[in-house]
Number of protein chains: 2
Amino acid sequence: MGSPIVSSQWFQFIVIVLSVSVGSAARFDIPRLSPIRGTILKDPKIRSSAPVSKGFQTFYYTQTLDHFNYKPESYATFQQRYVLNFKHWGGANTTAPIFVYLGAESPMDGDLSGIGFLHDNAAPFKALCVYIEHRYYGKSIPFRSRKEAFKNARTLGYFNSAQAIADYADIIMHIKKKLHAMSSPVIVIGGSYGGMLASWFRLKYPHVALGALASSAPILYFNNITPSGAYYSIVSKDFREASETCYQTIRKSWSEIDKIASKHHGLSTLSKKFKTCQPLTSSSEFKNYLDTMYTGAAQYDRPPSYPVNEVCRGIDGSKKQDILSKIFDGVVAYYGSQPCYFNQLTDDSETYQGWRWQTCSEMVMPIGVGENTMFQPDPFDLDSFIKTCKGYYGIPPRPHWITSYYGGQDIKLILQRFGSNIIFSNGLRDPYSSGGVLENLSDSILAVSTVKGSHCLDIQPKRETDPEWLVEQRKMVVKIIKGWMAKYYADLKAFKLQ
Amino acid sequence: MGSPIVSSQWFQFIVIVLSVSVGSAARFDIPRLSPIRGTILKDPKIRSSAPVSKGFQTFYYTQTLDHFNYKPESYATFQQRYVLNFKHWGGANTTAPIFVYLGAESPMDGDLSGIGFLHDNAAPFKALCVYIEHRYYGKSIPFRSRKEAFKNARTLGYFNSAQAIADYADIIMHIKKKLHAMSSPVIVIGGSYGGMLASWFRLKYPHVALGALASSAPILYFNNITPSGAYYSIVSKDFREASETCYQTIRKSWSEIDKIASKHHGLSTLSKKFKTCQPLTSSSEFKNYLDTMYTGAAQYDRPPSYPVNEVCRGIDGSKKQDILSKIFDGVVAYYGSQPCYFNQLTDDSETYQGWRWQTCSEMVMPIGVGENTMFQPDPFDLDSFIKTCKGYYGIPPRPHWITSYYGGQDIKLILQRFGSNIIFSNGLRDPYSSGGVLENLSDSILAVSTVKGSHCLDIQPKRETDPEWLVEQRKMVVKIIKGWMAKYYADLKAFKLQ
């Protein structure tokens, strides 16, 4: 399997590919729900100094391909990867919990060091740490090879969230049985798409997990529960709060780009001006690059560097007078000095390919750009989205399925008297927080938000530079989980006495 | 579609077929979870006088064949039947609920009059009544014909409980949208297997149903949560409580049967003695007939006739001295005077065929006969069960799936702090009550049991002869549901004011 510690170079690769994935295809822009490790890119030095626990052990589970069907081919299996770390575990007969990180839309390798919640809390909780890879990613590929698995909708059909959380239930129960730890409380943890999975897992499998920490999980960004333009509104707000002049410069830049691009050799002018690695082929391609930079900066606007501030420092501090030169200085400030920018990699990363399928089947988040942002308006067009997906896979998405299966509409009305033990953590600078749960739904389905936080910041590794509000947010999460466990053990004791 | 009112002759047919189904194949005896209408057989006169509301309207919904897959063939659809009755409905803008009966393992025709809970409570609640047929039964058959649908595991694969409750969610949401009744509270109701579906529906789709009435739902008769022999222990207890001498006579009868059957022409002797419609081919065939009679009498031991008492009156009141003559008098007392008994019909009823698939795929209830009952011991043998199922369908059952997906183990520990608004109603004379939820799990997941009640008795139509304890049980159920609705409307009001 090779080393679980992934080089920062690898991260950089993934992140750039993701950036490209966001920009490609006309407004096929939904895959912005990128893996949380994306954030690390900005601080490779801090990243590589993050504490990586030793003692990871890799296992494979023979997983059922199709949990919801009894056709002979549904009995096919595949090898699903999971990793255990017993280093701090108190054991089955103690009050030590099992922390289970639910893999999301990428190979799990980076999660072992990237999910700070697990290794920062394993020792104080004496927890067993479990990481499970999501089906169709990394080494957890059905049909023997990625090429076969991704061949068409026929082989991809089993690649969806309901099957994925059923996988997680099977593996968790398998681990608990094998370790004779049936009574050990399980806390599932996930971020972004994985955060949705964590909250849905607690709702659907309360008999497997005692509670869930769902970090930056936009479970309400479906079926128009959240206004389509909310994501871009927050990106704009983040920039405006950082700097009004920066915000205005960006806002005005789009028509400048259009103006130049429409001229003879205009794209070539832009390519030179922005030192693009490849010649630009359209103005929308270029605008998507910038869009990706701004949204990335906002989504991962984390301390200590705060990428939105960096971009704006570049723009506002520019000594040039024309708008596009200022924007270029923002690009340099964000990416650092590079021989060229916006390198167009091929769209063949696992995350790009996997997430494209997921958004084209069930994860239909109708994100568009509304009025009054720093972007050009660009409403989400479901019909053209469906058409694009049909072109790729021959099947239409099911845009209503997520809310049919998991709910979401009137969530407080529904969950204030149903369910328990979920933390929805959000950073309000994260544009995805607009689709998150930002208020307590009951006395144990709780929202823990920070005004200055960003995407999945709370579950990333602790750093010495962490500001007080972040330290406090994490403390609160730990306190809540301890509360669940205390109640559970009191219940268990009463239960055993019966 | 024809008349929804089904003649009692039709009921008799179904019930006899079910009886046969129970007796066929060596200890393939699990399909004892028979439709609740089976009980009606004993009182055809009372049955036909049960009030049948008018105003049933039949509709068909274009249902997704496979909710959990995105293969092109999963997009296939079928027409699923549902019936609405608006007669008493207060309308979408009132506090009138929607009662939804979740169809179980039979065509839905008999449910329209057979499910007393709906038409007895529609008027006082001003409820809209909805009845939905379970996929693969009645007129809700995929693949255009029953013959195609039941061809093999490939076409039967989509026939399972997770798909069925996803169907129910889709249809309920469709109805609510069409009637502009999104805020109307939905109460799902089911009995026996349908009762399991009702409780599971509330657990999995709390955003679709406010609450569930799960009548005689043995959700704990899986994966050895309930001891295998519990069912037959209760049957024996029922008989012993009715009459010690009757119980002893039955207990001794099996070895008598074996003794005679082992003699030259012994089966012919038994055939004549018991006036069997066809010559017996084995002693186990005959013992299965009797087994079916005793278990049926116990499961449906309802007032005013109390079949267990009837059988025992026949046995105890017999003027004959030998054991088997007494047993025959019990048979006559139970079935009434007939030209012949135990008519061996072919096993081609929908319920028989459908339920056989369901038990061979996921509904694996390991019911066996333990020591110290009035039956001969006959432990459940999972290996031979699996072998039998493989022989039928070429696929093995998944005996752990039900508890993996729905839970069951340590149910009080799990649900005392999760979920809400489920009533588990049971009659303790029903042998299936041994696998039911018999204690309150929380302050809104409640058990309502009656000592003298039988299988699904509470949701059958009211009768003038109903004893006080049954009237009280039904009143309590209504009171609980009214409590849920009151809280819901208070929540809704607060929610709208936000």
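**Figure 1. The residue of chain A closest to the rotation axis is A:Gly419.** In this predicted model, the C-alpha atom of A:Gly419 lies 2.4 Å from the axis, and no other residue of chain A comes closer. A rotation of 180 degrees, with 0.0 Å of shift along the axis, superposes chain A on chain B, and the RMSD is 0.0 Å. This relation is therefore that of a two-fold axis. Both copies use the same surface, since 100% of the contact residues of chain A recur in chain B.

**Figure 2. Chain A and chain B meet in an interface that buries about 5,100 Å².** Carbon and sulfur atoms give 56% of this area. Chain A puts 54 residues into the contact, and chain B puts in 54 residues. Three residues, A:Tyr70, A:Arg398 and A:Phe418, supply 17% of the area that chain A buries against chain B, which is more than any other three residues supply.

**Figure 3. Salt bridges and polar contacts cross the interface of chain A and chain B.** There are 4 salt bridges across this interface. One of them joins A:Asp491 to B:Arg417, with 2.6 Å between the closest N and O atoms. Polar contacts link 32 residue pairs across the interface, both residues of each pair being at pLDDT 80 or more. On the chain A side, at least two residues come from each of α6, α7 (161-178), α8, α15 (350-361), α17 (401-406), α18 (411-415) and α19 (468-497). The residues of chain A that touch chain B comprise 23 nonpolar, 16 polar and 15 charged residues.

**Figure 4. Chain A is divided into two parts, domain 1 and domain 2.** Domain 1 is made of residues 44-223 together with 403-497, and domain 2 covers residues 232-398. The centres of the two domains, taken over C-alpha atoms, are 30 Å apart. In the contact between them, 40 residues belong to domain 1 of chain A and 29 residues to domain 2 of chain A.

**Figure 5. Domain 1 and domain 2 of chain A bury about 2,900 Å² between them.** Of this area, 60% is on carbon and sulfur atoms. A:Tyr221, A:Arg429 and A:Pro431 supply 20% of the area that domain 1 of chain A buries against domain 2 of chain A, more than any other three residues.

**Figure 6. A salt bridge joins the side chains of A:Arg429 and A:Asp301.** The N to O distance in this pair is 3.2 Å. The count of salt bridges between domain 1 and domain 2 of chain A is 1. Polar contacts across the same domain interface number 12 residue pairs, with both residues at pLDDT 80 or more. On the side of domain 1 that touches domain 2, the elements giving two or more residues are α6 (153-156) and α8 (193-204) of chain A. The largest share, 3 residues, comes from α8(A). By class, this side of domain 1 has 20 nonpolar, 13 polar and 7 charged residues.

**Figure 7. A:Glu439 and A:Lys412 form a salt bridge between distant parts of the chain.** Their side chains meet at 3.7 Å, N to O. A:Glu439 is in the loop between β7 (422-427) and β8 (445-450) of chain A, whereas A:Lys412 is in helix α18 of chain A. The two residues are 27 residues apart. Over all chains, the whole structure has 34 salt bridges.

**Figure 8. A cis peptide bond runs from A:Pro303 to A:Pro304.** The omega angle of this bond is near 0 degrees. A:Pro304 is placed in the loop between α12 (283-299) and α13 (307-316) of chain A. In chain B, B:Pro303 and B:Pro304 are joined by a cis peptide bond, with omega about 0 degrees. B:Pro304 is found in the loop between α12 (283-299) and α13 (307-316) of chain B.

**Figure 9. A:Arg144 has a positive phi although it is not a glycine.** The value of phi at A:Arg144 is about 70 degrees. A:Arg144 lies in the loop that runs between β4 (128-132) and α5 (146-149) of chain A.

Technical notes:
Residues are numbered from 1 along each chain as its sequence is written. Chains are lettered from A and ligands numbered from 1 in the order in which they are written. Side-chain values use heavy atoms; hydrogens and water are left out. Domain bounds come from an automatic or database domain assignment. Contact means heavy atoms within 4.5 Å. Buried area is the accessible area (1.4 Å probe) that two parts lose on being put together, summed over both. A polar contact is a pair of N or O atoms within 3.5 Å; within protein, one must be able to donate a hydrogen and the other to accept it, and residues adjacent in sequence count only if both atoms are side-chain atoms. Helices (H or I, at least four residues) and strands (E, at least two) are DSSP runs, numbered from the N terminus. Ala, Val, Leu, Ile, Met, Phe, Trp, Tyr, Cys and Pro count as nonpolar, Asp, Glu, Lys and Arg as charged, and the others, Gly among them, as polar. Copies are superposed by least squares on the C-alpha atoms of residues with pLDDT of at least 70 in both.
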